[in-house]
Amino acid sequence: MRRVVDDAPGRRLEGFSVAARRAVSVAADEARALGHERLGTEHLLLGLLLDADSHASRTLTTAGVTVAAVRKKVGEAVAAARARGARPPVGALAFTARAERAIGRSSRFAHQQRSHAVEPEHLLLGVLDVEGTAGQVLRGLGIDVSSVRVALEREPGEAAGADADPSSGAVVDAAPTPSSPVRCGSCGDALDEVLTWRPVTASSLDGADTRDAVIWFCRTCGTALSVSPVRRD
């Protein structure tokens with residue numbers, strides 16, 4: 001049986017749906033299990049991902065996010081904290097500053113979508129909007145955060161009104177015209193003017209293998225749009 005969210009965080013969740021409150025409660029359990037002293041955006045990400053029936057969880061899963069991969073990345077951060085002498089948590093967990101902001105912004109996203117309650121997808125939008133540890137975890141897994149954000153803003157079951165450009169990760173009109181160029185999903189600038197790239201070398205988890213890749217960026221806002229593998233002849 002999952003514990004109800006602590007009283008202090010609970011007062012911050014006014015207007016949250018049952019599913020969104022449950023995601024925060026599960027996030028607190030994940031933080032405790034991992035030995036973290038505070039509840040951060042990375043734990044909220046886990047709490048949202050573990051609710052397989054939510055639009056937020058399905059969107060993350062479709063993008064290639066798995067619970068095991070996120071737990072591993074978050075666990076690495078926990079190990080680093082313990083190495084610095086951090087003690088296991090005792091009692092109620094406080095939110096980190098970024099998690100606090102994510103909670104606050106989720107209400108704004110719910111209002112923008114004319115929802116009567118903050119749902120898990122609004123909470124995930126808030127998490128992605130504050131650029132916290134959750135965003136770092138997703139990018140570390142090679143996830144295109146901009147595409148996840150766009151998918152979340154669609155209604156559950158709604159067919160995509162736009163196609164993803166495989167070369168840039170940006171969202172484009174189904175039938176692009178000279179008046180509707182491909183644009184960055186974060187800042188909106190036309191990518192034919194601001195798209196740039198950077199070569200990188202990535203290594204496997206055990207360090208036994210390396211591969212070359214290209215990261216595509218928006219020069220205006222610095223958002224990483226996609227990663228393209230470089231084939232070796």
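In this predicted model, helix 4 gives way to Gly64, a residue with a positive phi near 105°. Helix 4 itself runs over residues 55-62, and its buried residues are His55, Ala56, Ser57, Thr59 and Leu60. These buried positions pack against quite a list of partners, namely helix 3, helix 7, helix 8 and helix 9. Leu60 also turns up among the residues with the most contacts inside the largest nonpolar core.

On the other side of helix 4, the loop that links it to helix 3 holds Ser54. With a relative accessibility of 7%, under the 20% cut-off, Ser54 counts as buried. Leaving out residues up to four places away in sequence, Ser54 touches Leu48 and Pro120. Both of those partners are buried too, Leu48 in helix 3 and Pro120 in helix 7.

Helix 3 is worth a closer look. Nine of its nine residues are buried, so helix 3 is largely enclosed by the rest of the structure. The buried set takes in polar and charged side chains as well as leucines: Thr41, Glu42 and His43 are in it, and so are Leu44, Leu45, Leu46, Gly47, Leu48 and Leu49. One neighbour of helix 3 is helix 8, and the two pack at an angle of about 65° with their axes 6 Å apart. On the helix 3 side the contact is made by Thr41, Glu42 and Leu45, which meet Thr133, Ala134, Val137 and Leu138 of helix 8. Sorted by class, this contact has four nonpolar, two polar and one charged residues.

Turning to helix 7, the picture is again one of burial. This helix is mostly covered, with nine of its 10 residues buried. The buried ones are Pro120, Glu121, His122, Leu123, Leu124, Leu125, Gly126, Val127 and Leu128. They pack against helix 2, helix 3, helix 4, helix 6, helix 8 and helix 9.

The pairing of helix 7 with helix 9 can be described in more detail. Helix 7 covers residues 120-129 and helix 9 covers residues 145-152; their axes come within 10 Å and cross at roughly 150°. Angles over 145 degrees count as roughly antiparallel, and helix 7 and helix 9 are therefore roughly antiparallel to each other. The crossing of helix 7 past helix 9 is left-handed. At the contact, Glu121, Leu124, Leu125, Leu128 and Asp129 come from helix 7, while helix 9 supplies Val145, Val148, Arg149 and Leu152. That makes six nonpolar and three charged residues, with no polar ones.

Many of these helices come together in the largest nonpolar core, which has 39 residues. Its best-connected members, those with the most contacts inside it, are Leu45, Leu60, Val70, Leu124 and Leu138. Two or more residues are given to this core by each of helix 2 (18-34), helix 3 (41-49), helix 4 (55-62), helix 5 (67-83), helix 6 (97-112), helix 7, helix 8 (133-140) and helix 9. Helix 2 makes the largest contribution, six residues. Val70 gives a feel for how the core is wired: setting aside neighbours within four places in sequence, it contacts Leu45, Leu46, Leu49, Val65, Val137 and Leu141. Of these partners, Leu45 is itself one of the core's most connected residues, and both Leu45 and Val137 belong to the contact between helix 3 and helix 8.

Back on the backbone, two residues stand out. Most residues other than glycine have a negative phi. Arg114, not a glycine, nevertheless has a positive phi of about 55°. It sits in the loop between helix 6 and helix 7 and, at 78% relative accessibility, counts as exposed. Glu131 is also a non-glycine residue with a positive phi of about 55°. This one comes just after helix 7, in the loop leading to helix 8. Glu131 is partly exposed, its relative accessible area being 39%.

As for the protein overall, it has 10 helices and seven strands. Of its 233 residues, 41% count as buried. Among contacts between residues at least 6 apart in sequence, 52% join residues at least 24 apart.

Definitions and conventions: Residues are numbered from 1 along each chain as its sequence is written. This is a predicted model: local features need pLDDT of at least 70, side-chain atom pairs count only at pLDDT 80 or more; totals for chains, interfaces and linings use all residues. Side-chain values use heavy atoms; hydrogens and water are left out. Axes are lines fitted to C-alpha atoms, for helices over the stretch in contact, and angles run from 0 to 180 degrees between N-to-C directions. Helices (H or I, at least four residues) and strands (E, at least two) are DSSP runs, numbered from the N terminus. Angles under 35 degrees count as roughly parallel, over 145 as roughly antiparallel, 65 to 115 as roughly perpendicular and the rest as oblique. A crossing is left-handed if the near helix is turned anticlockwise from the far one by less than a right angle, and right-handed if clockwise. Contact means heavy atoms within 4.5 Å. A nonpolar core is a set of buried Ala, Val, Leu, Ile, Met, Phe, Trp, Tyr and Cys residues joined through side-chain atoms within 4.5 Å. Buried means under 20% relative accessible area, exposed over 50%, partly exposed in between (1.4 Å probe, protein chains only).
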